[in-house]
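This report goes through a structure from its overall dimensions to the surroundings of a ligand, the enclosed cavities and a few local backbone features. Please keep the coordinates at hand while reading.

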Amino acid sequence: MAEVSVRKVVKEYEGGVQAVKGIDLDIADHEFVVLVGPSGCGKSTTLRMIAGLEEITSGEIWIGGDVVNDVPPRDRDIAMVFQNYALYPHMSVFDNMAFGLKLRKFPKDEIKRRVDDAARILDIVPLLDRKPRALSGGQRQRVAMGRAIVRNPKVFLFDEPLSNLDAKLRVQMRTEIKKVHQAIPTTTVYVTHDQIEAMTLADRVVVMNGGVIEQVGTPQQLYHNPATRFVAGFIGSPAMNFLPCRVQDGANGGLAVRITDSIIVPIPPARADRYGAYKGKEMVLGIRPEHLFEHHDQGKPGWTRVDLPVDVVEPMGMETMVHFFVDGSPVCARIDPATHAAPGEMLPLTADLNQMHLMLPDTGRVV
Amino acid sequence: MADGTNVPVGGLAAASPKGRKTAMQKFAQRRSTTGFLLCLPLILLVACFVVYPAFYAIYLSMLNKKMTAFVGLGNFQFLLKRHTFQLVIFQSCLFAITAVVLKALLGFTLAHLMHNIPGKNQKIWRGLLLVPWVIPLALSTLTWWWMFDPSYSAFNWVLNQFGFANVPWLGVGWIARFCTIAVNVWYGTPFFMIMYLAALKSVPEQLYEASAIDGANAVQKLFFVTLPMMRNIISITVLFSLITTFADFDIVRILTAGGPQDMTHVFATYAFQVGIQSGDIPLGAADSLFMFPILAFAAFFVLRGVTKRTKEIAA
Ligand SMILES: Nc1ncnc2c1ncn2[C@@H]1O[C@H](COP(=O)(O)OP(=O)(O)OP(=O)(O)O)[C@@H](O)[C@H]1O
Ligand SMILES: [Mg+2]
């Protein structure tokens, strides 16, 4: 068990591609950290540098209080689960799991005890004699995790371990991984491009984009206080709505956001100080679909009525998604399925502006 | 395929007056018949050039020298008692096994070196190293023969430059054996290299990464990942090479013609000498038939292992 630190780490591949552009990250002992971001943002590269599979161009990586820049993977005391499992096809499940212990010259009975324990935790005891070929995807996944667990390493590294599984199994294995971490709270770095996986598993989520870290925080922090437009759009499903707007004077000496000539919404007084400096500026308004719902007669402070022309209605059972176009920008609202909505008609909605975000159009920084 | 066209063609033929043709057409359109007909040229070829000669050789091997009387296994008994033939058995095995082991080791080493040469350069080196394999063996062996020449040739000239005496390369038993093996290794290594290189490239990179994290060093990766993953290719390549090396004729024939004192003869060259040059065709046939059980035995075990492992590994 150990903490991991990444200090100003840069990775430049041959040919000048900068995959990671100087990132800083501190991971506490026992913590479960998820790296999430779109394809090609440098998540795997970061993980592989922690593992020692990829050389670091500059910067430092610390594991358990030591700089490990020049330590080969086998001496870093880490375990890794790969996307396509990377099980040894010529070894039985038992041997796959025991391999690392055998190489480290553990006594036979100790190896057996540890493999049996891990197999029990992962529910793969009946599979121990099989070859990987004779396993299903989910079972291979468990074996790959077993191989990591038996070593009892300082750090677990996962690179999109669930992306080869079907949707149902993915949810099941996600729970499984969480359970294992609760039982064996080893420091974990987990890479995924699935934001739901990130939110459900992580103690802290690291959102990466284009080789840099956009934001680090708990799932709640990322959801409620995204630091950038990228994070705001990446976390949450369906994604946040973004509308170009202008901050201007509103009624009663307050501030308002003008989206179109006919749609001008007041900014809640609590936000007035924050947004005062941007009066008269072009901004982007961000609001999540779940904060845009059917109109209620008794509003709360910060709730505002807006009427929008319905474009598409998608009933999902427990809720209904309604899509609109506002001045060319798509907008999605999440309404009660009992509410009547039909394409072409105007739908009265409530916007919960306590949950609004304003960001700069050029840098995307949330103000 | 044939089934789809069956109905319309059959219908047309049925309308024609010749009923027999319809039956013929139906017969021709049956899938298995088509398959058989397509394979027929090959089957005929194999029958003409493999099966017939093989049985004819067995028949011949049981005749006397003048091919007038049936002697049963007499030729085989005669051969086994003969000192020269005992030498031939020993030498064939020595030649084949040593050459194949050396080729396998050298090929493996070269393949590894090759595998680690980056990009474009790899292709150039690979091409250069394949040269021995693509030159007609008889020609290159002739060149080697010149180089081994005791008085006027390259090797001895080099030795002389360094102040060593001439070596009678092909004139002394064990040295001549060594030379024939060396030429065979020179010729056959590229084949091993190219097979192993292909096998190396097919080992998933992630297995090496996983084993690096599991704690394996370079040697352990070689023994626990590379070699097990390549076992099938190694077996098949070794088997294939064992067969061709066992049956080698060109090298020994051109370099030493079996000499000195029959100390480099192998089955094929001895069969040629006894059967063609000395005119005892039945004895030559008997000699070459000795190769068969040895190779069949090797093939059985190697292929059995390959099938078993393929079933296990193929994911
Ligand atoms: N070996 C390499 N040589 C050159 N460029 C590379 C190499 N590996 C990755 N890259 C580049 O580095 C960037 C980051 O790659 P990385 O694999 O870390 O992305 P990722 O975030 O894991 O994406 P994904 O979700 O698709 O796995 C990409 O632009 C990729 O093209
Ligand atoms: Mg990746």
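The text below starts with the whole of one chain and then turns to particular sites.

**Overall picture**

The model is a predicted one, and every value quoted here is computed from it. Chain A has a secondary structure of 9 helices and 20 strands, and its C-alpha trace spans about 80 × 45 × 35 Å along the principal axes. Of the 367 residues in chain A, 52% are buried.

**Helix α1 and ligand 1**

Helix α1 of chain A covers residues 43-51, and because 8 of its 9 residues are buried, it is largely enclosed by the rest of the structure. The buried residues are A:Lys43, A:Thr45, A:Thr46, A:Leu47, A:Arg48, A:Met49, A:Ile50 and A:Ala51. Just after this helix, A:Gly52 adopts a positive phi of about 90°.

The same helix matters for the description of ligand 1, since α1(A) gives the largest share of the surrounding shell, namely 3 residues. The residues around ligand 1 are A:Tyr13, A:Ala19, A:Ser39, A:Gly40, A:Cys41, A:Gly42, A:Lys43, A:Ser44, A:Thr45 and A:Glu160. Sorted by class, this shell holds 3 nonpolar, 5 polar and 2 charged residues.

Three polar contacts of the ligand are set out in the table.

| Residue | Part of the residue | Atom of ligand 1 | Distance |
|---|---|---|---|
| A:Tyr13 | side chain, N or O atom | nitrogen | 3.4 Å |
| A:Cys41 | backbone, polar atom | oxygen | 3.2 Å |
| A:Gly42 | backbone, N or O atom | oxygen | 3.0 Å |

Taken alone, ligand 1 exposes 640 Å², of which the protein buries 60%.

**Cavities**

Rolling a probe the size of a water molecule over the atoms shows where empty space is left. The count comes to 4 cavities of 30 Å³ or more, and the largest of them has a volume of about 150 Å³. This largest cavity is lined by 13 residues, among which A:Leu243, A:Ile259, A:Ile263, A:Leu292 and A:Val306 are the closest to its centre. What is the class make-up of the lining of the largest cavity? The lining residues divide into 13 nonpolar, no polar and no charged. Strands β14 (282-287) and β16 (303-315) of chain A each supply at least two residues of this lining.

The second largest cavity contains about 70 Å³ of space. Its lining consists of A:Phe32, A:Met145, A:Ala148, A:Ile149, A:Phe156, A:Phe158, A:Ile177, A:Val180, A:His181 and A:Thr188, a set that divides into 8 nonpolar, 2 polar and no charged residues. At least two of these lining residues come from each of α4 (137-150), β7 (155-159) and α5 (167-183) of chain A.

One of the lining residues of the second largest cavity is A:Thr188, which lies in strand β8 (residues 187-192) of chain A. Because its relative accessibility is 1%, below the 20% limit, A:Thr188 counts as buried. A polar atom of the side chain of A:Thr188 lies 2.8 Å from the backbone oxygen of A:Thr186.

**Loop residues**

A:Glu290 is placed in the loop between β14 and β15 (292-294) of chain A. The side chain of A:Glu290 is joined to that of A:Tyr223 by a polar contact of 2.5 Å, and it makes another polar contact, at 3.3 Å, with the side chain of A:Arg334.

A:Met318 is found in the loop between β16 and β17 (320-326) of chain A. Is A:Met318 buried or exposed? With a relative accessible area of 73%, A:Met318 is exposed. Its C-alpha atom is separated by 28 Å from that of A:Phe230, a residue 88 positions away along the chain.

**Backbone features**

Most residues other than glycine have a negative phi, and most peptide bonds are trans. Against that background, the peptide bond from A:Ser237 to A:Pro238 is cis, with omega near -5°, and A:Pro238 sits in the loop between α8 (229-234) and β11 (241-249) of chain A.

A:Ala86, a residue other than glycine, has a positive phi near 50°. A:Ala86 belongs to the loop between β6 (78-81) and α2 (93-103) of chain A, and with a relative accessible area of 6% it is buried.

In chain B, B:Asp262 has a positive phi of about 60° although it is not a glycine. B:Asp262 is located in the loop between α12 (250-255) and α13 (267-277) of that chain, and at 25% relative accessibility it counts as partly exposed.

Conventions. Residues numbered from 1 in each chain as written. Chains lettered and ligands numbered in written order. Heavy atoms only, no water. Buried < 20%, exposed > 50% of the residue type's maximum accessible area, 1.4 Å probe, protein only. Helix = DSSP H or I, 4+ residues; strand = E, 2+ residues; numbered from the N terminus. Near = heavy atom within 4 Å. Polar contact = N/O pair within 3.5 Å; in protein donor to acceptor, adjacent residues only side chain to side chain. Areas by Shrake-Rupley, 256 points an atom, 1.4 Å probe, with all protein chains shown as cover. Nonpolar A, V, L, I, M, F, W, Y, C, P; charged D, E, K, R; others polar. 1 Å grid on protein atoms, 1.4 Å probe; cavity = no way out; pocket = protein on both sides within 12 Å on 5 of 7 lines; lining within 4 Å. Points joined across faces, edges and corners; volume = space filled by probe spheres on them.
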